[in-house]
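Hello,

Here is the structure for you to look over. My notes on it follow below.

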Amino acid sequence: MQNFPPNSGSGRGYQTLEAPAESFEQQPPNNWKGVFNISSYTQYFNVDTDVVINRLISSFHPTAGDFFNKIEANPDLYGLIWITTTLVFMLSCFGNFATYLMQKHTDGTTTWSFDVGYVNVAASGIYGYAIVVPMAFYFLLQYLGSNASLIRFWCMWGYSLSIFVPTAFLLLIPVELLRWIIILITGTASSCFVALNLRSYIEGGNDLTIIVIAAFLLQMALSIFIKVWFFP
């Protein structure tokens, strides 16, 4: 063991070597380096149960049009992933069960069989819609010179699908007319949620009414697709 003298005013003396503190700088996703950096997306999963529930409740109030104000400080991707995955599971299971009930209603000898193709269609349709459609509107608005945020669009469109989760239960009712009424009401509510929030987000810029109408029609088309394919 050897004792080293303390630091003096004129000399450096003995100094311990310390490992430099690690700092993980979050790369913004709009930077190509940040896109492929997992740590860039951790901030979009920094939400607790109360926040998610509050945003889910907001998605069931389609006429408020204030969803972007609520997520302005902390948009999340957790809702997008959780809601779409739940909806894929619900459509796959209940779609098969609803088809069986309709067939059983007309033919008592019908036996239960699970069509795996429902899973593939549900995953392709729901995941594709929730990812591609917000991206399309984001690039379109950027091209038209309007301010847009891809993360906020993903967040809003993801929560807009939450109303279809409880609707899947109601669509089990083996009455065709009632099913159409349910899906049209649900589709209108979800479409209004998307259209009104999108209008409030781009308000003050150029007249982009056609963009809002397109968003409404696409959401309605999704609801009709759900009815026709999974609950025929």
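**Overall make-up**

The protein has nine helices and zero strands. Please keep in mind that this is a predicted model. Read from the N terminus, the order of elements is α-α-α-α-α-α-α-α-α. The protein has 232 residues, and buried residues make up 41% of them.

**Helix α8 and its neighbours**

I would begin with α8, which spans residues 176-201. Two helices pass it.

Take α6 to start with, residues 150-160. The axes of α6 and α8 come within 9 Å and cross at roughly 155 degrees. Angles over 145 degrees count as roughly antiparallel, so α6 is roughly antiparallel to α8. The crossing of α6 past α8 is right-handed.

Now α9, residues 209-230. Here the axes of α8 and α9 come within 8 Å, again with a crossing at roughly 155 degrees. These two helices are therefore roughly antiparallel to each other as well. α8 passes α9 in a right-handed crossing.

**Two buried residues to look at**

Phe-193 is in helix α8. Is Phe-193 buried or exposed? Its relative accessibility is 1%, so Phe-193 counts as buried. Now find Ala-64. Phe-193 and Ala-64 are 129 residues apart in sequence, yet their C-alpha atoms are 7.9 Å apart in space.

Leu-161 sits in the loop between α6 and α7. Its relative accessibility is 0%, so Leu-161 is buried too. Measure from its C-alpha to that of Ser-190 in your viewer: the model gives a separation of 7.0 Å. Along the chain, Leu-161 and Ser-190 are 29 residues apart.

**Salt bridges**

Side chains of opposite charge can pair when their charged atoms come close. How many salt bridges does a search of the whole structure find? The search finds three.

- Arg-55 and Asp-76. Their side chains meet at 2.3 Å, N to O. Arg-55 is in helix α2 (residues 49-59), while Asp-76 is in the loop between α3 (67-71) and α4 (78-106). The pair is 21 residues apart and links distant parts of the chain. Arg-55 has a relative accessible area of 5%, so it is buried. Asp-76 is at 0% and also counts as buried.

- Glu-72 and Arg-152. The N to O distance in this salt bridge is 3.5 Å. Glu-72 lies in the loop between α3 and α4 and Arg-152 in helix α6, so the pair ties together parts that are 80 residues apart in sequence. Glu-72 is partly exposed, with a relative accessible area of 43%. Arg-152 has 17% relative accessibility; the cut-off for buried is under 20%, so Arg-152 counts as buried.

- Lys-227 and Glu-176. This salt bridge has an N to O distance of 2.8 Å. Lys-227 belongs to helix α9 and Glu-176 to helix α8, so the pair ties together parts that are 51 residues apart in sequence. Lys-227 is buried, with a relative accessible area of 1%. Glu-176, at 31% relative accessibility, counts as partly exposed.

Helices α8 and α9 thus come up twice in these notes. Their axes come within 8 Å, and Lys-227 of α9 pairs with Glu-176 of α8.

**A nonpolar patch on the surface**

Now turn to the surface. A nonpolar patch there covers about 720 Å². Which residues make the patch? They are Phe-169, Leu-170, Ile-173, Val-175, Leu-177, Leu-178, Ile-181 and Ile-185. Two elements give two or more residues to the patch: α7 (164-170) and α8 (176-201). The largest share comes from α8, with four residues.

Leu-178 is a patch residue in helix α8. At 33% relative accessibility, Leu-178 counts as partly exposed. Set Leu-178 beside Phe-193, which is also in α8. Phe-193 is buried at 1%, whereas Leu-178 is partly exposed at 33%.

**Where to look in your viewer**

Colour α8 and work outwards. α6 and α9 are both roughly antiparallel to α8. Glu-176 of α8 holds a salt bridge with Lys-227. Four residues of α8 belong to the nonpolar patch.

Best wishes

Methods
Residues numbered from 1 in each chain as written. Predicted model: local features only at pLDDT ≥ 70, side-chain atom pairs only at ≥ 80, totals over all residues. Heavy atoms only, no water. Patch = residues over 30% accessible without salt bridge, like charges linked within 9 Å, V, L, I, M, F, W, Y side chains within 5 Å. Areas by Shrake-Rupley, 256 points an atom, 1.4 Å probe, with all protein chains shown as cover. Salt bridge = Lys/Arg side-chain N within 4 Å of Asp/Glu carboxyl O. Buried < 20%, exposed > 50% of the residue type's maximum accessible area, 1.4 Å probe, protein only. Axes fitted to C-alpha atoms, helices over the stretch in contact; angles between N-to-C directions. Parallel < 35°, antiparallel > 145°, perpendicular 65-115°, else oblique. Left-handed = near helix turned anticlockwise from the far one by under 90°.
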